[in-house]
Amino acid sequence: ERLNQLTYSDATHSTLVIIYVPNDEARAYWGVIGDSIGGIVGRKGRIWISPSHDARYNFEERFKVWFKTVMRGVTYNSKEGGFVTPDGTVFYFTRMLGASLLDEYIDRRAELGTVPLEDGSIILLCTDGVLQKKFYREEQIADILLNLKNDSAVSAKQIVAESVVNRYRPTDDITTIVCRVSVVEQKASLP
């Protein structure tokens, strides 16, 4: 809510993924708005990948915005892969910070959730310049997460190199963070 207040009047937009792990909990709290990528290999090897709020790749989000805006003259152009407002503005993201001109069309609330962790869990944070849904399906992102979990030699640097060298030439920012979780269980002491 606070980020929404701080960016509300900005004409430009921003996307965000955040994952927070408290010192005293074996749990990750996540928040996503836009198309930055977060991924977790959590307890019992369960994989979580952040939802994208890019209308081109998330039909459910696209439908929500279309339903909310169709009576206001907004159309979805499948060739361009974006929504077109009555004044001709094209937008792709169904949720984002800033973008004050699109206020009546987008959702400014982040999706929130939690993922249980265990010793050895993996957390991956990437900007959309590294793992774009345009080039990576969820199965491929899941494979990257499993490679990180199963091979401690795999690094954030290798993920970036693979994206930049083998996939595409990014036109967006490139940031990747990989965390390996160490869970320390606190045992009750007897008086």
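Which side chains meet in a salt bridge at 3.1 Å, N to O? In this predicted model, the side chains of Glu61 and Arg95 do so, and the legends below begin with an overview before coming to that pair.

**Figure 1. Overview of the predicted protein chain, with its 4 helices and 12 strands.** The C-alpha atoms of the chain fill a box of roughly 70 × 45 × 25 Å along the principal axes, and buried residues make up 42% of the 191 residues. Of the contacts between residues at least 6 apart in sequence, 62% join residues at least 24 apart. The accessible surface comes to about 11,400 Å², and carbon and sulfur atoms account for 52% of that surface.

**Figure 2. Close-up of the salt bridge between Glu61 and Arg95.** The closest approach of this pair, N to O, is 3.1 Å. Glu61 belongs to helix H2, whereas Arg95 sits in the loop between strand E8 (90–91) and E9, so the pair ties together parts that are 34 residues apart in sequence. Glu61 counts as buried because its relative accessibility is 5%, and Arg95 is likewise buried, with a relative accessible area of 8%.

**Figure 3. Close-up of Asp54 and its partner Arg56, whose side chains meet in a salt bridge.** Asp54 is found in the loop between strand E5 (47–49) and H2, and the distance from N to O in its salt bridge with Arg56 is 2.7 Å. The two side chains are also listed as making a polar contact, again at 2.7 Å. Is each partner buried or partly exposed, given relative accessibilities of 2% for Asp54 and 33% for Arg56? Asp54 counts as buried because its value lies under the 20% cut-off, whereas Arg56 counts as partly exposed because its value falls between 20% and 50%. When neighbours within four places in sequence are left aside, Asp54 is in contact with Asp35, Tyr92 and Phe93.

**Figure 4. Close-up of Arg137, Glu139 and helix H3 (residues 138–150).** Arg137 forms a salt bridge with Glu139, and the closest N and O atoms of the two are 3.3 Å apart. Arg137 is exposed, with a relative accessible area of 53%, while Glu139 counts as partly exposed at 48%. Elsewhere in the model, salt bridges that share partners join Glu60, Glu61, Lys64, Arg95, Asp107 and Arg109 into one network, and the structure holds 7 salt bridges. Helix H3 has 13 residues and reaches 18 Å from its first C-alpha to its last, close to the 18 Å expected at 1.5 Å a residue. The buried residues in H3 are Gln140, Ile141, Ala142, Ile144, Leu145 and Leu148. An α-helix has 3.6 residues a turn, so residues three or four places apart point the same way.

**Figure 5. Close-up of Arg108 and Asp103, which are in contact with each other.** Arg108 lies in the loop between E9 and E10, and Asp103 lies in the loop between strand E9 (97–98) and strand E10 (111–116). The side chain of Arg108 reaches the backbone oxygen of Gly98 at 2.4 Å. Arg108 is buried, with a relative accessible area of 10%, whereas Asp103 counts as partly exposed because its relative accessibility is 30%. Not counting residues up to four places away in sequence, Arg108 touches Asn4, Tyr8, Ile33, Met96, Leu97, Gly98, Ala99, Ser100 and Asp103. With neighbours within four places set aside, the contacts of Asp103 are Tyr8 and Arg108. The C-alpha atoms of Asp103 and Asn77, which are 26 residues apart along the chain, are separated by 20 Å.

**Figure 6. Close-up of a nonpolar surface patch of about 710 Å².** The patch is made by Phe59, Phe63, Trp66, Phe67, Val70 and Met71. Among these residues, Val70 lies in the loop between helix H2 (59–69) and strand E6 (75–77), and Val70 is partly exposed, with a relative accessible area of 30%.

Conventions:
Residues numbered from 1 in each chain as written. Predicted model: local features only at pLDDT ≥ 70, side-chain atom pairs only at ≥ 80, totals over all residues. Heavy atoms only, no water. Helix = DSSP H or I, 4+ residues; strand = E, 2+ residues; numbered from the N terminus. Buried < 20%, exposed > 50% of the residue type's maximum accessible area, 1.4 Å probe, protein only. Contact = heavy atoms within 4.5 Å. Patch = residues over 30% accessible without salt bridge, like charges linked within 9 Å, V, L, I, M, F, W, Y side chains within 5 Å. Areas by Shrake-Rupley, 256 points an atom, 1.4 Å probe, with all protein chains shown as cover. Salt bridge = Lys/Arg side-chain N within 4 Å of Asp/Glu carboxyl O. Expected span 1.5 Å × (residues − 1). Polar contact = N/O pair within 3.5 Å; in protein donor to acceptor, adjacent residues only side chain to side chain.
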